[in-house]
Amino acid sequence: MSNSVFFKDKEFKLSGKFPHPGKEINAFNLIDTDLSVKSIEDFPQGKKIIYIFPSIDTPVCATSIKKLDTIASVQKEIAILCISADLPFAQARFIKEEKISKLKFLSSYQSSKFGIDNGVLISEGPLKGLLTRSIILLDSENNILHSQLVTDITEEPDYDSLIDKLEF
């Protein structure tokens, strides 16, 4: 089954099937900014927010990351994982330039498996190979409590729905 998203009024197909609440997140191996391999098991503490996005070098992605950093400063018991196909070096540069301290960045650049397994890999058009914008909230057992596949890549996720599920 294929999902799709919009970018500049054009529809693009995604590979895989986007996960919904009640399911467990698919296992993954992604690359940290220090080039080490990380999996979901490396983040055992409480709830987790997984923010998936096309590239840190776009204004919408940068704005979303800053908003999530603010959420992380209020809700300290949550790990927030920011995942894109950006190279770890670019992610590290962004973290330093924007003074991001509470979020963990991971890259899918070595493999399309994460994108396909979670239905977020753009499979056609000018952004082919990148991940589309989405947000997933996990409980401490890595079960999905909330998920949103953002319909238009140029829009931010619905933070209010996410925050409602966090139960501050």
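**Exercise 1.** In this predicted model, determine how many bridges join strand S9 to S10 and whether the two strands run parallel or antiparallel.

*Solution.* Step 1: strand S9 covers residues 134–138, and five bridges join S9 to S10. Step 2: the two strands run antiparallel. Step 3: as a point of register, Leu137 is placed opposite His146 of S10.

**Exercise 2.** Establish the strand order of the open sheet of seven strands, and identify which strands stand at the edges.

*Solution.* Step 1: the order reads S4-S3-S7-S6-S5-S9-S10, and the pairing is mixed. Step 2: strand S4 (37–38) and strand S10 (144–149) each have a single partner strand, so each has one side without a neighbour in the sheet. These two strands therefore stand at the edges.

**Exercise 3.** Describe the packing of helix H1 against helix H4: what are the angle, the axis separation and the handedness of the crossing?

*Solution.* Step 1: H1 spans residues 59–74 and H4 spans residues 159–166; their axes are 12 Å apart, at an angle of about 20°. Step 2: angles under 35 degrees count as roughly parallel, so H1 is roughly parallel to H4. Step 3: the crossing is right-handed. Step 4: H1 contributes Ser64, Lys67, Leu68 and Ile71 to the contact, while H4 contributes Tyr159, Leu162, Ile163 and Leu166. Step 5: by class, the contact residues comprise six nonpolar, one polar and one charged.

**Exercise 4.** Locate H1 relative to the sheet: which strands does H1 lie across?

*Solution.* Step 1: H1 lies across strand S5 (48–52), strand S6 (79–84), strand S7 (104–107) and S9. Step 2: relative to S5, H1 runs at about 170°.

How values were computed:
Residues numbered from 1 in each chain as written. Predicted model: local features only at pLDDT ≥ 70, side-chain atom pairs only at ≥ 80, totals over all residues. Heavy atoms only, no water. Axes fitted to C-alpha atoms, helices over the stretch in contact; angles between N-to-C directions. Helix = DSSP H or I, 4+ residues; strand = E, 2+ residues; numbered from the N terminus. Parallel < 35°, antiparallel > 145°, perpendicular 65-115°, else oblique. Left-handed = near helix turned anticlockwise from the far one by under 90°. Contact = heavy atoms within 4.5 Å. Nonpolar A, V, L, I, M, F, W, Y, C, P; charged D, E, K, R; others polar. Pairing = 2+ DSSP bridges.
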